[in-house]
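Here is a walk through a two-chain model, written for someone who wants to know what is in the coordinates before using them. Have the viewer open as you read.

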Amino acid sequence: MSPLPRPVKDVLAEPALDASVKRVWAKVQLRRRVPAPLVRPSLILGGVLALAAFVVTVWPPPKRVVPMAPVEAVAEVCAPIRLPHPSTPHARRPTVALPRPAGATAAPVEADVVGALLMSVEDAAREGHTDQVVAILGEIAAHHTDDPRAVEALYMLGTVQLEVLKQPSRAAASFRRALELSPSDDLVPRLWEGYEAAGGYGNETTR
Amino acid sequence: MRPLATMSRLPEGLPTETLVRRALRGDRDAESLLYRRYAPGVLSTALRLLRSHTSAEDVVQDAFVIGFARLAQLKAPGQFRAWLLSIVVSQARKRLRRERLLQWVGLDAVADAPLHLQAVGSASVEARGELAVLDAMLRQLPVAHRLAWTLRYVEGEKLDDVAAAMGKSLATTKRYLNAAEERIAAHVALEPA
């Protein structure tokens, strides 16, 4: 057996690169036309240094003393935000009212459960927990349809099902439910667009 | 955008120095001719360095964009090819390191042009087998060793040119080559260096 020659290129065929050469040239020309970005690394560095100087000299602002709520009250308000275990059936959770302090005359403050759940959705989305996002949005859609933000939740749910989970039939069902909840006029076109993208009528399954 | 075939009105035989000087003055025809003159060569080299058509095209594209943008930094206009090759190697190094990182997390880069698939039609089965082993060995080497060895013994570049392309001293380049040679020679039948 004869060894490979040096340079090894001698036993390699010259690749046919005409198409590549043309393609690369087109891209080079295109990129040469685009002006250089206005934001240069030196500017970014300057910005970072200025921000650091601000943080060191001005930050943090003087602390305000905020009276803390009793631990029991906070725990009760936060309880409905906890995610249901996947194995437990979803139970409708009533809106929770903060306990009225003894001697207080004002009406009890209603906890914003849907708001808290939507914040949990943001946290879960930021951490990439798609299953949690879907579970929480499903929770809002199932048990808080009287809240106007349920439509927004259904729209988000449909979008996640369509674009992330690739479940067009479930997405179609979510968009359809959102449309049925009589959303505001500005949401209808987006919902309808999603509904059609998901396959629309005849492509809906709830589970 | 001007098509490649009609992209330059300049005579083909103009020396590289002239083309570089004209390109520095903003002459797009000179840039086109420089591209046409050197792109096929560096594209072939990039393909043999990276084993992927897509990666090779991306690297050469970046190299020309960077090269034209920094043309004023080229001290010897006649050395345009060597200078361009050093940019290609630098871009290829970045790309190979990124690919290696992806490999660690289980995402193998697509190598659609390994060495044995680039063999000439008349190459024997044994030669193709050796090329396949060589390809596998090169993939295992540190990126700098792999690039240096490929430039020296696959491309046939001179030692000085390899060092210049790598942006390393001659001593460092020799060290890379020796380390790579030691591992490759143990598995691949090659003519003596």
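Which elements of chain B do the buried residues of α4(B) pack against? They pack against α1 (16-24), α2, α3, α6 and α7 (159-166) of chain B. Contact here has a plain cut-off: two residues touch if their C-beta atoms, placed from the backbone, lie within 7 Å. A residue is buried if 20 or more other C-beta atoms lie within 10 Å of its own, exposed if 12 or fewer, and partly exposed in between, again with C-beta atoms placed from the backbone.

Some housekeeping before going on. This is a predicted model, where local features need pLDDT of at least 70 and side-chain atom pairs count only at pLDDT 80 or more, while totals for chains, interfaces and linings use all residues. Residues are numbered from 1 along each chain as its sequence is written, and chains are lettered from A, and ligands numbered from 1, in the order in which they are written.

**The two chains**

Chain B has eight helices and zero strands, and chain A likewise has eight helices and zero strands. Helices (H or I, at least four residues) and strands (E, at least two) are DSSP runs, numbered from the N terminus. A few totals for each chain:

| Chain | Residues | Buried |
|---|---|---|
| Chain A | 207 residues | 22% |
| Chain B | 193 residues | 39% |

As for long-range contacts, take those between residues at least 6 apart in sequence: in chain B, 62% of them join residues at least 24 apart. In chain A, residues 24 or more positions apart account for 48% of the contacts with a separation of 6 or more.

**How far to trust chain A**

pLDDT is the predictor's confidence in each residue, from 0 to 100. Chain A averages 72, and 63% of its residues score at least 70. Among the elements of chain A, helix α1 (residues 18-33) has the highest mean pLDDT, 88, and helix α3 (residues 71-78) the lowest, 44. Over residues 73-95 of chain A the pLDDT is below 50, yet this stretch has 27 contacts in the model beyond near neighbours in sequence. Where pLDDT is low, the predicted coordinates should not be read in detail.

**Inside chain B**

Back to helix α4 (residues 80-104) of chain B. This helix has 25 residues and reaches 36 Å from its first C-alpha to its last, close to the 36 Å expected at 1.5 Å a residue; the expected span is 1.5 Å times one less than the number of residues. Its buried residues include F80(B), W83(B), Q91(B), R95(B) and E99(B).

Another pair worth a look is α6(B) and helix α8 (residues 170-185) of chain B, which pack at an angle of about 90° with their axes 8 Å apart. That makes α6(B) roughly perpendicular to α8(B). Axes are lines fitted to C-alpha atoms, for helices over the stretch in contact, and angles run from 0 to 180 degrees between N-to-C directions. Angles under 35 degrees count as roughly parallel, over 145 as roughly antiparallel, 65 to 115 as roughly perpendicular and the rest as oblique. Among the residues making this contact are H145(B), W149(B) and R152(B) of α6(B) and Y176(B), L177(B) and I184(B) of α8(B).

**Where the chains meet**

Which residue class is found how many times on the side of chain B that touches chain A? There are 24 nonpolar, six polar and five charged residues. Ala, Val, Leu, Ile, Met, Phe, Trp, Tyr, Cys and Pro count as nonpolar, Asp, Glu, Lys and Arg as charged, and the others, Gly among them, as polar. In total, 35 residues of chain B are in contact with 26 residues of chain A. The largest share of the chain B side, seven residues, comes from α3(B).

**Backbone oddities**

Most residues other than glycine have a negative phi, and most peptide bonds are trans. The peptide bond from R6(A) to P7(A) is cis, with omega near 0°, and P7(A) sits in the segment before α1 of chain A. K166(A), in the loop between α6 and α7 (168-180) of chain A, has a positive phi near 55°. K166(A) counts as exposed because it has 9 C-beta neighbours inside 10 Å. R51(B) has a positive phi of about 60° and lies in the loop between α2 and α3 of chain B. With 22 C-beta neighbours inside 10 Å, R51(B) counts as buried.
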